[in-house]
Amino acid sequence: MPAITEEHLIESIAEALQYISYYHPADFVEAMSAAWEREENKGARDAMAQILVNSRMCAMGRRPICQDTGAANIHVKVGVEAPLKLKRSLQEICDEGTRQGYQRDTNPLRASVVVDPFGARRNSGDNTPCMLTVEMVAGDTVEVEVAAKGGGSENKAKFTTLNPSGNVADWVVETVESLGAGWCPPGILGIGVGGNADRVMALAKQALSEPIDMAELLRRGPKDRAEELRCEIYERVNALGIGAQGLGGVTTVLDVKVKSFPTHAASLPVGLIPNCAATRHVHFTLDGSGPAEFTPPSMDLYPDILLEAAGAQSRKLDLDNLNDDVLASLTPGETLLLSGTLYTGRDAAHKRMIEMLDRGEALPVDLRGKAIYYVGPVDAVGDEAIGPAGPTTSTRMDKFTDRILADTGLKLMVGKAERGPVALEAIAKHKAAYLIAVGGAAYLVSKAIKAAKPVAFEDLGMEAIYELRVEDMPVTVAVDTGGNSIHRTGPAEWKKKIAERV
């Protein structure tokens, strides 16, 4: 039997990371399409339509589905009889595959990994090291699962240890209701039960790569306790009314996956890890015959969709002529098309601006009467003005919001998911407003960006401040000048509607 070499692993991992950056798994497209067809809330339906259109565009253009191209999660099952020809450690080999996958000229992927989590948080520049786990199994092949996991959904991972008599479904449902929409629903819930603290979280992560089969399970009915748990959690979470992007609706999760392992008699560990609307993973097996090959999914999977959000019912908003009257006219849930000047700025840029304000220094950009977009884009290729540029989770900017609004005169913020109480109070206090773009539609959003140039903090890489010129960028009003949030009213309304049907 021919040997499995370092080159086989490196080439396969690099190609897998490219492949999953622009191809959703076919079962995910089918599940999202079915959810789009049955969705009753127009706002949530429009959001899912954008996700599906973006997915098809990325598959055809071979550009990233999401600007957060994720940390590389690589799980390797090494057959104990596999003929390996390796000189370096498996971590070094997988890191090289990651490096080559993320730095490909034709489709560069955003580097998101920082090497010092305690200090300067310097970006590694190539998304290494990968998050590697290894398992020795029977057999003579090497099986590899490659997944790209973005920060928005990963940040919502939760762990608990219940009493042995505890109710897993109750804890999961209560936890999901507390997560908000920063994990970009609708997506998948991975749940681990048993083992210990580290094992149960690994189980939850591994569960996310299992095939989506909830529709089939509901048709035939559960065969064991794990399947009963899946069905119960699926139905109860969707009954929460959170909906796509947290706008309210009938679908919050597309599937619930459960993996279990024996545990201590005194314990019931439970891990929960959500996967977002940019679910990306692929599996391959190496047997010594060469690098893995990947077959693109059929474009026939996608439904025919006309984006209603770009229709006549969407109001156009000129970002270069914002005033109090215009801002006061915005209504939560209203769809807008933005045109004009839009600055970017995420966590690192906000932190640096606050430090400059504390020192009494002038900021490098004048934000008075302007709008800022919470985004860390992918590098442009070819004639692109910018690479995929979807929103990041806005709650990370909440602690900076009051100071930025007060000291800069900023009036409009664009991001993803809900704002917390501190930000809502600041928005109402300063008569500002907050809009959301669809998480999981990064390539589609980038097509509305006609020009982009860095104007400050270029050393921060993808977190630098850019000046963008946008034309008809689709967004939804999430928080008005009174601090009223669609992420509070939308899910509450749909939770009530769903409950009334039971």
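In the predicted model, Arg-220 is partly exposed, with a relative accessible area of 36%. This residue forms a salt bridge with Glu-227, and the closest N and O atoms of the pair are 2.8 Å apart. Glu-227, in contrast to its partner, is classed as buried, because its relative accessible area of 14% falls under the 20% limit. The pair is part of a wider set of charged contacts, since a search of the whole structure returns 35 salt bridges under a cut-off of 4 Å between side-chain nitrogen and carboxyl oxygen.

Two further salt bridges join helices. Arg-236 pairs with Asp-170, with a separation of 2.9 Å between the closest N and O atoms. Arg-236 belongs to helix α9 (residues 225-238) and Asp-170 to helix α6 (residues 168-178), so the salt bridge ties together parts that are 66 residues apart in sequence. Both side chains are in the intermediate class of accessibility: Arg-236 is partly exposed at 30% relative accessible area, and Asp-170 is partly exposed at 29%. In the second case, the side chains of Lys-205 and Glu-154 meet at an N to O distance of 3.2 Å. This salt bridge links distant parts of the chain, with Lys-205 in helix α7 (residues 197-207) and Glu-154 in helix α5 (residues 151-154), 51 residues apart. Here too the partners are partly exposed, with relative accessible areas of 22% for Lys-205 and 30% for Glu-154. Beyond these pairs, a network of salt bridges links Asp-213, Arg-230, Asp-255 and Lys-257.

The chain is divided into domain 1 (4-286) and domain 2 (315-490). A distance of 28 Å separates the C-alpha centres of domain 1 and domain 2. Across the boundary, 30 residues of domain 1 are in contact with 33 residues of domain 2.

The nonpolar interior was examined next. In soluble globular proteins, nonpolar side chains tend to be buried together. The largest nonpolar core of the model comprises 65 residues, and Ile-74, Val-76, Val-146 and Phe-284 are those with the most contacts inside it. At least two residues of this core are supplied by each of α1 (6-22), α2 (26-38), α3 (42-61), β2 (71-79), α4 (90-102), β5 (142-149), β10 (281-286) and α14 (442-446). Helix α3 gives the largest share, nine residues. The core lies between domain 1 (4-286) and domain 2 (315-490), because both domains give residues to it. The surroundings of Val-146 illustrate its packing: apart from neighbours within four places in sequence, Val-146 is in contact with Ala-16, Leu-17, Ile-20, Asn-73, Ile-74, Arg-280, His-281, Val-282 and Phe-284. Another core, of 30 residues, lies apart from the largest one and includes Leu-410, Ala-456, Ile-465 and Ala-478.

Buried positions also occur in loops. Gln-245 is placed in the loop between α9 and β8 (253-263), and this residue is buried, with a relative accessible area of 3%. When neighbours within four places in sequence are set aside, the contacts of Gln-245 are Ala-47, Ile-51, Ala-181, Cys-184, Pro-185, Lys-416, Ala-437, Val-438, Gly-439 and His-487. Among these contacts, Ala-47 and Ile-51 fall within the bounds of helix α3 (42-61), whereas Lys-416 and His-487 fall within those of domain 2 (315-490).

Val-375 is found in the loop between β13 (371-373) and α12 (398-408). The relative accessible area of Val-375 is 2%, and the residue is therefore buried, given the limit of 20%. Outside its neighbours within four places in sequence, Val-375 is in contact with Thr-344, Gly-345, Arg-346, Ala-389, Gly-390, Thr-392 and Met-462. The C-alpha atoms of Val-375 and Ala-111 are separated by 14 Å, although the two residues are 264 residues apart along the chain.

Nonpolar side chains are also present at the surface. Val-80, Val-134 and Met-136 make a nonpolar surface patch of about 300 Å². Met-136 is part of strand β4 (residues 131-137). With a relative accessible area of 57%, Met-136 is classed as exposed, because this value is over 50%.

Conventions. Residues are numbered from 1 along each chain as its sequence is written. This is a predicted model: local features need pLDDT of at least 70, side-chain atom pairs count only at pLDDT 80 or more; totals for chains, interfaces and linings use all residues. Side-chain values use heavy atoms; hydrogens and water are left out. A nonpolar core is a set of buried Ala, Val, Leu, Ile, Met, Phe, Trp, Tyr and Cys residues joined through side-chain atoms within 4.5 Å. Buried means under 20% relative accessible area, exposed over 50%, partly exposed in between (1.4 Å probe, protein chains only). Helices (H or I, at least four residues) and strands (E, at least two) are DSSP runs, numbered from the N terminus. Domain bounds come from an automatic or database domain assignment. Contact means heavy atoms within 4.5 Å. Patches are made of residues with over 30% relative accessible area and no salt bridge: like charges are joined within 9 Å, nonpolar side chains (Val, Leu, Ile, Met, Phe, Trp, Tyr) within 5 Å. Accessible areas come from the Shrake-Rupley method with a 1.4 Å probe; for residues, only the protein chains shown count as cover.
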